[in-house]
Structure formats: structure tokens, C-alpha cells
Amino acid sequence: MNFWQFIVQNHTEVLELTWEHISLVGISMLIAVLIGIPLGILITRWPALNKPVLGGANIIQTIPSLALFGFLLPVPWIGARAGRLAVLALTLYALLPLIRNTYTGIRGVDRAVVEAGRAMGMTDRQLLFQVELPLALGVIIAGVRIATVLSVGLATIAAAIGAGGLGEFIFRGLAMVSDQLILAGAVPAAALALVADLGLGWVEKRLSPQ
Amino acid sequence: MNSSPRDGVAIEFRNVSYCLDGGRELLSQLNLEILRGETLVLLGRSGSGKTTTLKLINRLLAPTADVVVDGRPTTTWDVIRLRRMIGYVIQDAGLFPHFTVERNIGLVPKLEKWTAERIQKRVEELLQLVGLDHQIASRYPRELSGGQRQRVGVARALAADPPILLMDEPFGALDPITRAELQREFQALQMRLQKTVVFVTHDMREALLLGTRIALIEAGRLVALNTPQAFLHSKDPLVASYVDAFRTDLTTPRN
């Protein structure tokens, strides 16, 4: 039985796990964006927070993913459900590229332009929303793109703690020494990563100031 | 600490110094009165403290002692109100690259919550005032020439009709011909509008051409304050050395 036959025969399960995978990534990315971008903005306003925040996100990034899933198991409420745990771990991993790109994006806006805005009597909020964020948007979206592609790959490991997703096939395939099963997880996961990369790449290009 | 606002004085520096965090003094004990309707040129080399002086007026830098605008120390002003009554023009204009010309010029009126029609009318008026075709209103700064950008920068600074205008080497990045053109236009404009202008430049010819008075700043100190005529014939050795430098520049072309 070749790979395609397997996919066709098991298409309900493939679709189900793909959907699970997309939800894991989607939900965690949503939370990460809601936390990471405001944090990135915050550290442009309070430079003293810059080091601890970026440092913290950096440290999270260095924890091996399997270990992070393990560390989070004893956490109350979170550890009770594999899905929650996977979402939290993926969220934590996505933070660094989001915070860093938001920060560098805003800091990279031409100083003369920002100063002109300030000199014309724009409040900090007006400066942020009308000048800095629009001009940094391309770089920020690039961060979202990196984080998403990263998450799609990482989410396969969530299956190790029973959170589902395409990793199910991969782990099952490893246990059963079945290439087809491994491919049935790996190929759709790779395809998802590609689609996310291309899609967000397009958005990034559209939103970058020329 | 408040003086009665003396008529005729728009901006006053009272013994103002400015130090960097590291302690290096950029400006030391400046005393200067800038009169209503005059163009005061701050002349000096790069790093002499001209721009620092300018930024102390609209509080882009925080003053150590009183900088008085309209009879009130700037520290007692609401900083947003203060800045909106002071136009600001910088080298290369500092236009917002993601805004059209129209939105760039209409920025302060929009912040001041003017109606859309009023803003549009004002933008057209200003484009005409600075000698630009109204067709460029929908263009982006990157689609303009350097001279056009600088004109838009002036229009933007004038948008809400501020009584004071700060200009930091506004024509510094332009080619000599465009620069001469804009200098002439600025003269004509200033004749009509009679704003209080503080103009920073290191170009003595520009200072002589545009200034009502010239303040020569050297290493953070005000060393001379004169009308262009008096400046040109000053016996002060520092001023004379400046004038000489330019004179040789004019009369002895290199081979």
C-alpha cells in the first residue's frame, strides 16, 4: 500500500488530525499575538524591561520542546488537559519572534519621522498607532510568519502528550515502523507550514510600506 | 517666575544650559530673546548646539532653566498644546512615508479635529502657498523630488497656522539651485506671513540672506548676536573669521 492509497483510505482521520493541528496552532498563535505584540510595544516604551522580557523569551526558546511539554504537566488546570498544555507550550515558543520583531520593527522606524510626529504635537498613542505601528507592520507580520511556521512543526510533538494533531501519525508510525504512517503525518504538516509561510509572506509584502 | 509677557518677545532663553546624561555640556548659559515676526538664524558649525537650542523651544529636549514661550516657561505648558502652536521643519522634511501629501499636510489640523472639508480646503490653500500643483496631493513622499518634499514639509508645518516656526537646516539636503529657489520663496512667504522663525543653518550665505538677526553659536555658547549687516562688518575676531572663511570660499575658486 503506498502513501497516497493510505491517505485516501484514511481520509477522515487525516482530515480530523489536520484540523486538530490547525486548531492547536491557530489558538496558540492567537494568544501569542495578543501577548507578544503588546509586550514588544511595551519594551519600546520602557527600555528597562527590554532585557528581562527578551531574555525570558529567549530562555523559553532554548528549552527542548519535549521537555517543555513535560515541565508543564504538573501545572494545575493547564496540566489537566493535553490540549491546554499543548496550546500553552506553543504559545510560549511563539513569543520570542513576536516580541523581538515588534520591538525591532518599531525601533527601526526612521527616527526623523518619529521626531517630526512628536514635534507636531502627536501624543504617544497617536504616534504609536498612526506612525510607528503602520510603518513597522511588515516586520511584525514577518515575526508572525516565523512563529507560525515554527508552531506548525512543533505542534507535531504535542501528540507525545496526547494532544492530537498530525504528530499522532508520526508517533504511531515510529512505534509501528511504518513509513506510510510517518509520511501521513509529516507531509500534511509540511504542507501546512508551506501554506502558512506563503500566505503570511503575501500579507507581509502587501502591508510593508514601499 | 512669570514675567509679564513683554510685547514683542516671542521666545526667551534665560540662562539655559543643556547637558547630556554623561555630563557633556551641549549648551551653556544661553540668554536670548527672539522677537515676534523676526527670523532669527542660529548659525554655527555642526555640533555647536544650534539644534539643541531649537529642540529646547518645543521641548523635544527638556530645558534646565526657563525657556519662555509667549510669556510662560515651556515647563508650565501642556507639551502637546505647546508643540501644536510651533511648526517644525527639518532637513529632508521628515514626512510620513505612508501618508499621501494631503494627509501629511493635514496632519495637525486632523489632530486638532478640524472637519474634513476644512482640512481639504486648507491643504489646497497651502499647496498653492508653497508653489505646488494640487495634483500632487494624492502622491506619496517617495514620488516627489527633494525640493517638492521640502515644500510639503513647510506646508505641513504651516497647516494649523502656528505663530512660531522652527526650521532645522530645512534646505540642507537640496541641490544649490533648488536651495536658492526655496530660499527666495521662503523670503517671500515670510514677508507675507510674518511668523516668528528660528532658523538653524551652518551656511553663512543662507544666514545673511534670510536672517533678521544672526546668532552665532560656538561650542555651546552664544558668541555674537547681530543683524546681517553688522555681522558682515563685525570686528569680533570669531565673527570675522567666519566671514573670512566664506569670503575666501567665494573669491578663490580652486583652479
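Helix H6 of chain B covers residues 146–158, which makes 13 residues, and stretches 19 Å from its first C-alpha to its last, close to the 18 Å expected at 1.5 Å a residue. Keep in mind that this is a predicted model. H6(B) is mostly covered, with 12 of its 13 residues buried. Chain A, by contrast in its make-up, has 9 helices and 0 strands.

**Around H6 of chain B**

- The buried residues of H6(B) include three arginines, B:Arg149, B:Arg151 and B:Arg156.
- Two glutamines, B:Gln148 and B:Gln150, are also among the buried residues of this helix.
- Nonpolar names turn up on the buried list too, including B:Val152, B:Val154 and B:Leu158.
- The cover over these buried residues includes strands E6 and E7 of chain B, along with helices H3 (101–105), H4, H5 (116–129) and H7 of chain B.

**E7 of chain B and its partners**

- All of E7(B) is tucked away: 5 of the 5 residues are buried, so the strand is largely enclosed by the rest of the structure.
- In a regular strand, side chains alternate between the two faces of the sheet.
- In E7(B), B:Ile164, B:Leu166 and B:Asp168 point one way, while B:Leu165 and B:Met167 point the other way, and all are buried.
- E6(B) pairs with E7(B) in the parallel sense over 5 bridges, and one of the partnerships is B:Gly87 with B:Leu165.
- E8 of chain B (residues 196–201) also pairs with E7(B), again parallel and over 5 bridges; here B:Asp168 has B:Val200 as its bridge partner.
- To get from E7(B) to E8(B) the chain passes through H7(B), and this β-α-β crossover is right-handed.

**Other strand pairings in chain B**

- An open sheet of 4 strands runs in the order E2-E1-E4-E5 in chain B, with antiparallel pairing.
- Its edge strands are E2 (25–35) and E5 (72–73), each of which pairs on one side only.
- Inside that order, E1(B) (residues 9–19) and E4(B) (residues 67–69) run antiparallel and are joined by 3 bridges, with B:Glu12 partnered by B:Val68.
- E9(B) (residues 213–218) and E10(B) (residues 221–226) are antiparallel as well, joined by 5 bridges, and B:Ala215 has B:Leu225 as its bridge partner.
- The hairpin of E9(B) and E10(B) has 2 residues between the strands, and B:Ala219 takes a positive phi near 50° there.

**Chain A: helices throughout**

- Read along the sequence, chain A goes α-α-α-α-α-α-α-α-α.
- Its C-alpha trace spans about 70 × 40 × 25 Å along the principal axes.
- Of the 210 residues of chain A, 40% count as buried.
- Among contacts in chain A between residues at least 6 apart in sequence, 73% join residues at least 24 apart.
- H5(A) (residues 82–107) has 26 residues and reaches 38 Å from its first C-alpha to its last, close to the 38 Å expected at 1.5 Å a residue.
- That helix bends by about 30° at A:Leu95, and a proline, A:Pro97, follows within four residues.
- H5(A) is largely enclosed by the rest of the structure, because 20 of its 26 residues are buried.

**Two loop residues with positive phi**

- A:Val177 has phi near 50°, a positive value in a residue other than glycine.
- Its place is the loop between H8 (167–176) and H9 (179–207) of chain A.
- A:Val177 counts as exposed because it has 8 C-beta neighbours inside 10 Å, and the cut-off for exposed is 12 or fewer.
- B:Glu169 also takes a positive phi, about 40°, although it is not a glycine.
- This glutamate is found in the loop between E7 (164–168) and H7 (176–193) of chain B.
- With 20 C-beta neighbours inside 10 Å, B:Glu169 counts as buried, since the cut-off for buried is 20 or more.

**Where the chains touch**

- The contact takes 16 residues from chain B and 16 residues from chain A.
- On the chain B side, H2 (79–84), E6 (86–90) and H4 (107–111) each supply at least two residues.
- By class, that side of chain B has 9 nonpolar, 3 polar and 4 charged residues.

Key. Residues numbered from 1 in each chain as written. Chains lettered and ligands numbered in written order. Predicted model: local features only at pLDDT ≥ 70, side-chain atom pairs only at ≥ 80, totals over all residues. Expected span 1.5 Å × (residues − 1). Bend = angle between axes of the 7 residues up to and from the residue. Contact = placed C-beta atoms within 7 Å. Pairing = 2+ DSSP bridges. Right-handed = clockwise from strand over helix to strand, strands pointing away.
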